[in-house]
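Biologist: I would love to learn how to read a protein structure. Could we go through one together, a question at a time?

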Amino acid sequence: MRLLVAAHESELVAFEPELPGFDRLLTGVGKLRATYALTRALDAAHYDEIVVVGTAGAIDPELEPGVYDIDATVQHDVTDLAGVRGQHVSLPPRMTLALEGATIATGDSFVDDADAVAVIRRLGAGLVDMESFAYAWVAAQFGVPIRILKAVSDRAQDGATQEWDTAVIECSRQLRERIREVYGV
């Protein structure tokens, strides 16, 4: 059995209420809610794989609209005791996943301005979101393989918040199609 995970209900609008071989988990937005909900789910049941679907802002101009497998995730909103951005005082600086793809920077704020994008790009990420690092870290604690699929919803620039509200429906459709292609359901 696999666990299909999304942060926001809008990211699942193109999905049927039940998919064969998948349980579903809606965590809520942000790292704390993602950590809490996924930890509870993995503590309550065994899963062969976690499959995360969701939206992301593209901060790398080379990344076109579409769905990306995430190969690694970093945190863009933390600093260590020496003030190094992207380094947490007690968590790994990077969670590497098994598949080749794009690197995503996770933080507890919706990125929507050029100055923030410039700072985050220095961490080596091409996408931004609010949950991926938390999902990857929790999965590692439980030893459960994880696949994160992110659809580009915006360019993380001025107006990105308004763009997300309309783009999320198309992103959900793209994510549903990718699940159909990869898992046959």
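Biologist: Leaving out residues up to four places away in sequence, which residues does histidine 76 touch?

Modeller: Good place to start, and keep in mind that this is a predicted model. Histidine 76 sits in the loop between strand 4 (67–75) and strand 5 (94–96). Not counting residues up to four places away in sequence, histidine 76 touches Arg85, Ala105, Thr106, Gly107, Ser109, Val111, Ile120, Leu123 and Asp129.

Biologist: Is histidine 76 buried or exposed?

Modeller: Let's use the relative accessible area, where under 20% means buried. Histidine 76 has a value of 4%. Because that falls under the cut-off, histidine 76 is buried.

Biologist: How far is the backbone nitrogen of glycine 107 from a polar atom of the side chain of histidine 76?

Modeller: Gly107 is among the residues that histidine 76 touches. Here the partner on the glycine 107 side is a backbone nitrogen, and on the histidine 76 side a polar side-chain atom. The distance between them is 3.3 Å.

Biologist: Now for the helices. Are helix 1 and helix 3 roughly parallel or roughly perpendicular to each other?

Modeller: The axes of helix 1 (residues 31–44) and helix 3 (residues 132–142) come within 9 Å and cross at roughly 30°. Angles under 35 degrees count as roughly parallel. Helix 1 and helix 3 are therefore roughly parallel.

Biologist: Which residues of helix 3 make the contact with helix 1?

Modeller: Helix 1 passes helix 3 in a right-handed crossing. From helix 1, the contact is made by Lys31, Ala34, Thr35, Leu38, Thr39, Leu42 and Asp43. From helix 3 come Ala134, Tyr135, Val138, Ala139 and Phe142.

Biologist: By class, how many residues in the contact of helix 1 with helix 3 are nonpolar?

Modeller: We can sort the contact residues into three classes. Two are polar and two are charged. The nonpolar residues number eight.

Biologist: Is serine 132 buried or exposed?

Modeller: Serine 132 has its place in helix 3. The buried residues of that helix include Phe133, Ala134 and Tyr135. With a relative accessible area of 0%, serine 132 is itself buried.

Biologist: Leaving aside neighbours within four places in sequence, which residues is serine 132 in contact with?

Modeller: Here we look past the close sequence neighbours. Thr106, which histidine 76 touches, is one of the contacts of serine 132. The full set for serine 132 is Thr73, Ile104, Thr106, Ile148 and Lys150.

Biologist: What separates the C-alpha atoms of leucine 19 and lysine 31?

Modeller: Leucine 19 lies in the loop between strand 1 (2–6) and strand 2 (22–26), and is buried at 7% relative accessible area. Lysine 31 is twelve residues along the chain from leucine 19. Their C-alpha atoms are separated by 26 Å.

Biologist: How far apart in space are isoleucine 169 and serine 10?

Modeller: Isoleucine 169 belongs to helix 4 (residues 160–183) and is partly exposed, at 47%. In sequence, isoleucine 169 and serine 10 are 159 residues apart. In space, C-alpha to C-alpha, the distance is 6.8 Å.

Biologist: One more, please! Is alanine 82 buried or exposed?

Modeller: Alanine 82 is found in the loop between strand 4 and strand 5, where histidine 76 also lies. Its relative accessibility is 69%, and over 50% means exposed. Alanine 82 therefore counts as exposed.

Conventions:
Residues are numbered from 1 along each chain as its sequence is written. This is a predicted model: local features need pLDDT of at least 70, side-chain atom pairs count only at pLDDT 80 or more; totals for chains, interfaces and linings use all residues. Side-chain values use heavy atoms; hydrogens and water are left out. Helices (H or I, at least four residues) and strands (E, at least two) are DSSP runs, numbered from the N terminus. Buried means under 20% relative accessible area, exposed over 50%, partly exposed in between (1.4 Å probe, protein chains only). A polar contact is a pair of N or O atoms within 3.5 Å; within protein, one must be able to donate a hydrogen and the other to accept it, and residues adjacent in sequence count only if both atoms are side-chain atoms. Contact means heavy atoms within 4.5 Å. Axes are lines fitted to C-alpha atoms, for helices over the stretch in contact, and angles run from 0 to 180 degrees between N-to-C directions. Angles under 35 degrees count as roughly parallel, over 145 as roughly antiparallel, 65 to 115 as roughly perpendicular and the rest as oblique. A crossing is left-handed if the near helix is turned anticlockwise from the far one by less than a right angle, and right-handed if clockwise. Ala, Val, Leu, Ile, Met, Phe, Trp, Tyr, Cys and Pro count as nonpolar, Asp, Glu, Lys and Arg as charged, and the others, Gly among them, as polar.
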